[in-house]
Amino acid sequence: MAGTTNAFEMAQRQFDKVAEMLRLDPQVAEILRWPMREFHFRIPVRMDDGSIRVFQGYRVQHNDARGPNKGGIRFHPAETVDTVRALATWMTWKCAVADLPLGGGKGGVIVDPATLSTSEKERLVRGYIGVMWRNIGPRNDVPAPDVGTTPQMMGWMMDEYSKLVGQYTPGVITGKPVGGGGSLGRTEATGFGVIYTVREAMRHLGMDSSKATAAIQGFGNVAQYAAIGFTEQLGGKVVCVSYWDREDRTSYTVFKADGLDPRFLMTITDQYGSIDKAKAIAAGYKIEDGGEWIKKEADVLIPAALEGQVNADTVKLIHERVKIVAEGANGPTTPEADEVLKQRGVFVVPDFLCNAGGVTVSYFESVQNDMNYYWEKDEVLRRLDTKMTVAFHGVLEMSLREKVFMRDAAYMVAIDRVVKAMQLRGLV
Ligand code: NAD
């Protein structure tokens, strides 16, 4: 959702459209168009050389009618309050569509984390909690990692919060490392969640998943587990993945007509999702231009890298065999391309439904923290499958009943649930 468009204006426009479709009371709509609370603050940090640098931080709490606000903290040099507002708004809808008892929040700091030493990062994240601790907590706002922040940073944040409140409080933050209050299954959660929705979409369309093929953009956390799920759980073939080559500073598609082996490819992929081309070629893979993934003759396309990848130009390249686009990434399809997909009758699993597996297991993490009892990975994944399947069918039913496309249906389900919670609490 990047580019010249202001992300928050876009989030408001999407909301306005669905509010009209739902014939929402304009006074209720006025509440939901804006975050209910925002924090803008400065974080002074002692740098390794003894100097003090001051960082700009934000935390936006969009709506907590259904439960504590939930959403990551991004560290990015181009962070703006409007990006954080948009992301907080989308978190409200994502949690509602997955039927998690959570609201929407998001945080950000204007910083390039690559320019900080490990100890400077630690002081910065502890500083963030030092400012915000009175306004977050397991019962009111639960942050998590996002772009530029890591499980280790979440561990430091949880420690700082626990010290300030005087008791061990792991449920204040999710995305913590396993062994430090984190949940098993979080690594697989988003990619497997994508595949659970693809499986249900195929059933709905009467497709045989064991004969199906997929083309995937990206080979990071989401794409890797989507590829594993597609081959091992659905019995289908993934014909290509693509990635950004950090050495050549360009993207490539890694192709194998009779289906690639995602677990092998993972052994030759670095932590940033960049594949070792020489080793891929040696193993019989074909290396093609980065744009080739979208042209493949496949049944399912899974954009799982960046926003805006299915756009007015690239949508024309999509093969006529493609029946499903499952949006693993956030905002991979532009509104123009969305119209083309609708006209062509391609079934879209919209991002905030498709990739809700991550926040679902974050929710499971906080539940396990509350109980101080941790589930085996199988149990986490079984519960994830149930949640994603139920969420998918809730949206599909709305889409069929109201004769709207899946993206609009997902918004309708989400907004409906939030408004209902506000009504039940007597807030509107
Ligand atoms: P990641 O950083 O682990 O991987 C990103 C992948 O995209 C890498 O393989 C990288 O090489 C590739 N890539 C980057 N630029 C590319 C390009 N121009 N062409 C082709 N490939 C390119 O990221 P991730 O965690 O897998 O997230 C991917 C997307 O999914 C993002 O939009 C993210 O916001 C979204 N998402 C992630 C999660 C999660 O739990 N990780 C949850 C919800 C949504």
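Reader: How do the residues of the shell around the ligand divide into nonpolar, polar and charged?
Author: This is a predicted model. The ligand has 22 residues around it. By class, the shell holds nine nonpolar, eleven polar and two charged residues.

Reader: Which residues are the closest to the ligand?
Author: The ligand is surrounded by 22 residues. Five of them come closest. They are T190, F219, V222, W244 and G273.

Reader: How far is a polar side-chain atom of T190 from an oxygen atom of the ligand?
Author: T190 is among the closest residues to the ligand. A polar contact needs N or O atoms within 3.5 Å. The polar side-chain atom of T190 meets that limit, since its distance to a ligand oxygen is 2.7 Å.

Reader: Where does R186 stand, from an N or O atom in its side chain to an oxygen atom of the ligand?
Author: The pair joins a ligand oxygen and an N or O atom in the R186 side chain. The cut-off for a polar contact is 3.5 Å. The R186 pair falls within it, at 3.2 Å.

Reader: What is the distance from an oxygen atom of the ligand to an N or O atom in the side chain of N330?
Author: N330 also reaches the ligand through its side chain. An N or O atom there faces a ligand oxygen. The two atoms are separated by 3.1 Å.

Reader: How much of the accessible area that the ligand has on its own does the protein cover?
Author: On its own, the ligand has 830 Å² of accessible area. The protein covers part of that. The covered share is 75%.

Reader: Which elements give two or more residues to the shell around the ligand?
Author: Two helices and one strand reach that count. The strand, β7, gives the most, with three residues. The full set is α6 (186–205), α7 (221–233) and β7 (237–245).

Reader: How far apart are the end C-alpha atoms of helix α1?
Author: Helix α1 covers residues 7–21, which makes 15 residues. At 1.5 Å a residue it should span 21 Å. The model agrees with that, because the end C-alpha atoms of α1 are apart by 22 Å.

Reader: Which residue caps the N-terminal end of α1?
Author: The cap uses a side-chain oxygen. That oxygen sits 2.8 Å from the backbone nitrogen of F8. The capping residue is N6.

Reader: Which residues of α1 are buried?
Author: Their cover includes α2 (26–32), α3 (81–97) and α14 (406–424). Residues three or four places apart on an α-helix point the same way, because there are 3.6 residues a turn. The buried residues of α1 are A7, F8, M10, A11, Q12, F15, V18 and A19.

Reader: Leaving aside its neighbours within four places in sequence, what is Q12 in contact with?
Author: Q12 sits in helix α1. Its relative accessible area is 10%, so Q12 counts as buried. Beyond its sequence neighbours, Q12 is in contact with R33 and W34.

Reader: What does A19 contact, leaving aside its neighbours within four places in sequence?
Author: A19 belongs to helix α1. A relative accessible area of 8% makes A19 buried. Apart from those sequence neighbours, A19 is in contact with L24 and A29.

Reader: Is R23 buried or exposed?
Author: R23 lies in the loop between α1 and α2. Its phi is positive, about 50°, although R23 is not a glycine. The cut-off for the exposed class is over 50% relative accessible area. R23 has 72% relative accessibility, so it is exposed.

Reader: What is the relative accessible area of D99?
Author: D99 lies in the loop between α3 and β4 (104–110). Phi of D99 is positive, near 55°. D99 is partly exposed, and its relative accessible area is 37%.

Reader: Which residues is G57 in contact with, leaving aside its neighbours within four places in sequence?
Author: G57 is part of strand β2 (residues 52–63). It is buried, because its relative accessible area is 0%. Setting those neighbours aside, G57 is in contact with F39, H40, F41, I43, G108 and V109.

Reader: How many residues of α12 are buried?
Author: Helix α12 (residues 357–371) reaches 21 Å from its first C-alpha to its last. Its buried residues pack against β3 (69–76), α3, α6 and α13 (377–402). Of the 15 residues in α12, the number buried is twelve.

Reader: Which residue follows α12?
Author: Phi is positive for this residue. The value is near 55°. The residue is N372.

Conventions
Residues are numbered from 1 along each chain as its sequence is written. This is a predicted model: local features need pLDDT of at least 70, side-chain atom pairs count only at pLDDT 80 or more; totals for chains, interfaces and linings use all residues. Side-chain values use heavy atoms; hydrogens and water are left out. A residue is near a molecule or strand if one of its heavy atoms lies within 4 Å of it. A polar contact is a pair of N or O atoms within 3.5 Å; within protein, one must be able to donate a hydrogen and the other to accept it, and residues adjacent in sequence count only if both atoms are side-chain atoms. Accessible areas come from the Shrake-Rupley method with a 1.4 Å probe; for residues, only the protein chains shown count as cover. Helices (H or I, at least four residues) and strands (E, at least two) are DSSP runs, numbered from the N terminus. Ala, Val, Leu, Ile, Met, Phe, Trp, Tyr, Cys and Pro count as nonpolar, Asp, Glu, Lys and Arg as charged, and the others, Gly among them, as polar. The expected span of a helix is 1.5 Å times one less than its number of residues. Buried means under 20% relative accessible area, exposed over 50%, partly exposed in between (1.4 Å probe, protein chains only). Contact means heavy atoms within 4.5 Å.
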